[in-house]
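Reader: Hello! I am new to this structure and would love a close look at one part of it. Could you walk me through it slowly?

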Amino acid sequence: MKALLNDRRVMVVGAGSCGEGWGNGKAAAVAYAREGARVIAVDRDLEAARATQALIQAEGGFCETVAADVSRTDDIIAMVEAAMGHLGGIDVLHNNVGIAITGGPEETSEEEWERVLRINQTSVFLICKHVLPIMRRQGAGSIVNISSIAALRWIGFAYSAYTTSKAAIVAFTENLAAQYAADGIRANCILPGLMNTPMIHAPLTAAYGGDAEAMIEKRNRQCPMGFMGDAWDVANASLFLASDMARYVTGVSLNVDGGFSLRAAVG
Ligand code: NAD
């Protein structure tokens, strides 16, 4: 059977993981490579990107790494140039970078607000700005942006900068999808629900009362299925949206949340 992404050129931005185990971006990069893609793993943390690269190469896949901080425009331009140097094109762009800072307007400083919006939201605009001309020239492309269910719902604690940045990604993606549909470029969002990935541990434990074990238990209880999803749930949904299996799917927000968003109360 033909692999889903045979020889597709994929750039995963935020392809490392902030801790041991599987983050969403790391799992997506490995999933793409397993389906035959040639992957550029971009991360601010080059060691984290190299860890992803080592996993892909150990399975016989193709992966090059690029160090870039997506809060910096010059890094974004350089990373797109590096990807073009390695691959000569970009068929799939996967925007995974996101930082989590909890708190409402009174608890969030102006600097934190601007940092979250810059890293989570403005970076997606800037990366698309520099990748879209390439996809337009190719006459094809697929963009997968990682938002969050927090863009739609109160998830149990104040999270104003993060939710704002993630809601903007949904609106931005829809607008992009409409503008570029006739160019053969699709753009979709994934909204992960409560996932058990390394990124939740440090920033969210305090929001759940300070105890990491209790945080995991409480988040599991908040999920209708009784357990959090993991990075592979997001990676598998990404694979679908990135591939030709989704050739007629654009502008959607795919909730990967085990039914979390169906509930009015989160307990
Ligand atoms: P992660 O933190 O493990 O990995 C993200 C990677 O991005 C890290 O390797 C980090 O070094 C990199 N990064 C951070 N800031 C960067 C910057 N300025 N420039 C370049 N790279 C940078 O997280 P993950 O598990 O891969 O997933 C993160 C995405 O999933 C985020 O967009 C997050 O909002 C979203 N999400 C997660 C959950 C969850 O419960 N885990 C839920 C909803 C949405």
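Reader: How many disulfides does the count come to here?

Author: Happy to help! Please keep in mind that this is a predicted model. The count comes to 0 disulfides.

Let's look at the cysteines behind that result. Cys128 takes part in no disulfide, and the nearest cysteine sulfur, belonging to Cys189, is 9.9 Å away. Now turn to the other end of that distance. For the sulfur of Cys189, the closest cysteine sulfur is the one in Cys128, and 9.9 Å is too far for a bond. A pair would have to lie within 2.5 Å to count as a disulfide, so Cys128 and Cys189 do not qualify at 9.9 Å. As a reminder, a disulfide is a covalent bond joining the sulfur atoms of two cysteines.

How exposed are these residues? Cys128 has a relative accessible area of 1%, so it is buried. Cys189 also counts as buried, because its relative accessibility is 1%.

While you are looking inside, there is an empty space to find as well. Searching the whole structure turns up 1 cavity of 30 Å³ or more. The largest cavity holds about 30 Å³ of space. Around it you will find Val13, Asn95, Asn96, Val97, Ser123, Val124 and Ile127. Helix α4, which covers residues 110-138, gives the largest share of this lining, with 3 residues. By character, the lining has 4 nonpolar residues and 3 polar ones, with no charged residue.

Conventions: Residues are numbered from 1 along each chain as its sequence is written. This is a predicted model: local features need pLDDT of at least 70, side-chain atom pairs count only at pLDDT 80 or more; totals for chains, interfaces and linings use all residues. Side-chain values use heavy atoms; hydrogens and water are left out. Buried means under 20% relative accessible area, exposed over 50%, partly exposed in between (1.4 Å probe, protein chains only). On a 1 Å grid over the protein atoms alone, a cavity is a set of points where a 1.4 Å probe fits but cannot get out, and a pocket is an open set with protein on both sides within 12 Å along at least five of seven lines; lining residues have an atom within 4 Å of a point. Grid points are joined across faces, edges and corners, and a volume is the space filled by probe spheres set on the points. Helices (H or I, at least four residues) and strands (E, at least two) are DSSP runs, numbered from the N terminus. Ala, Val, Leu, Ile, Met, Phe, Trp, Tyr, Cys and Pro count as nonpolar, Asp, Glu, Lys and Arg as charged, and the others, Gly among them, as polar.
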